[in-house]
Amino acid sequence: MAINNTYVLEVDLKRQMTGRTPSFRKGDNGILIFKIFDDGIEYNIDSVNKAEIYHKTSNGNVIKSNCDFINFE
């Protein structure tokens with residue numbers, strides 16, 4: 001059975017492994033919401049117009065996806 005979950009991930013550009021890593025199985029759907037920080041300070045992405053995310057499958061393949069910008073509070 002496929003899942004449909006939303007994950008809020010807090011990522012700091014200056015720190016490694018600052019948040020949890022969600023896991024998915026084939027057929028799962030998920031929404032990843034990123035809150036981006038730079039050394040603990042919220043990072044302003046107002047001028048950003050493109051973002052990509054790379055994720056690795058269990059067999060080692062790397063998949064690139066384009067991100068949608070959604071105003072999230």
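This passage describes the strands, contacts and surface of a predicted protein model. Because the model is predicted, local features are reported at pLDDT of at least 70 and side-chain atom pairs only at pLDDT 80 or more, while totals for chains, interfaces and linings use all residues. Residues are numbered from 1 along each chain as its sequence is written, and side-chain values use heavy atoms, with hydrogens and water left out.

The secondary structure comprises zero helices and five strands. Helices (H or I, at least four residues) and strands (E, at least two) are taken as DSSP runs and numbered from the N terminus. Read from that end, the order of the elements is β-β-β-β-β. Of the 73 residues in the protein, 10% are buried. A residue is called buried under 20% relative accessible area, exposed over 50%, and partly exposed in between, with a 1.4 Å probe and protein chains only.

The count of aromatic pairs is one. It is formed by Y7 and F24, whose rings are edge-to-face, 5.6 Å centre to centre and with 85 degrees between the planes. This pair links distant parts of the chain, with Y7 in strand β1 (residues 4–12) and F24 in the loop between β1 and β2 (29–38), 17 residues apart. Under the rule applied, rings of Phe, Tyr and Trp (its six-membered ring) pair if their centres lie within 6.5 Å; planes under 30 degrees apart are stacked, those over 60 edge-to-face and the rest tilted. Y7 is buried at 12% relative accessibility, whereas F24 is partly exposed at 39%.

Five salt bridges are counted, each requiring a side-chain nitrogen of Lys or Arg within 4 Å of a carboxyl oxygen of Asp or Glu. Among them, R15 and D12 form a salt bridge in which the closest N and O atoms are 3.8 Å apart. D12 is buried, with a relative accessible area of 7%, and R15 is partly exposed at 45%. R15 also forms a salt bridge with D39, where the closest N and O atoms are 3.5 Å apart. D39 lies in the loop between β2 and β3 and R15 in the loop between β1 and β2, so this pair ties together parts that are 24 residues apart in sequence. D12, R15 and D39 are thus linked in a network of salt bridges. Within this network, D39 is partly exposed at 49% relative accessibility. The backbone of D39 has a positive phi of about 55 degrees, although D39 is not a glycine.

Another salt bridge joins the side chains of K64 and E52 at 3.5 Å, N to O. This pair also links distant parts of the chain, with K64 in strand β5 (residues 62–66) and E52 in strand β4, twelve residues apart. Both residues are partly exposed, K64 at 48% relative accessibility and E52 at 31%.

D28, in the loop between β1 and β2, is buried yet has no salt bridge. The nearest side chain of opposite charge is that of R25, 6.0 Å away. For this assignment, Lys and Arg count as positive and Asp and Glu as negative, with His and the chain ends not counted. A polar atom of the D28 side chain does, however, lie 2.6 Å from the backbone nitrogen of R25. This is a polar contact, defined as a pair of N or O atoms within 3.5 Å; within protein, one must be able to donate a hydrogen and the other to accept it, and residues adjacent in sequence count only if both atoms are side-chain atoms.

On the surface, L13, Y43, I45, V48 and F69 make a nonpolar patch of about 430 Å². Patches consist of residues with over 30% relative accessible area and no salt bridge, with like charges joined within 9 Å and nonpolar side chains (Val, Leu, Ile, Met, Phe, Trp, Tyr) within 5 Å. Accessible areas come from the Shrake-Rupley method with a 1.4 Å probe, and for residues only the protein chains shown count as cover. I45, one of the patch residues, lies in the loop between β3 (41–42) and β4 (52–56) and is partly exposed, with a relative accessible area of 34%.

H55 is located in strand β4 and is partly exposed at 36% relative accessible area. H55 and S65 are ten residues apart in sequence, and their C-alpha atoms are 8.2 Å apart in space.
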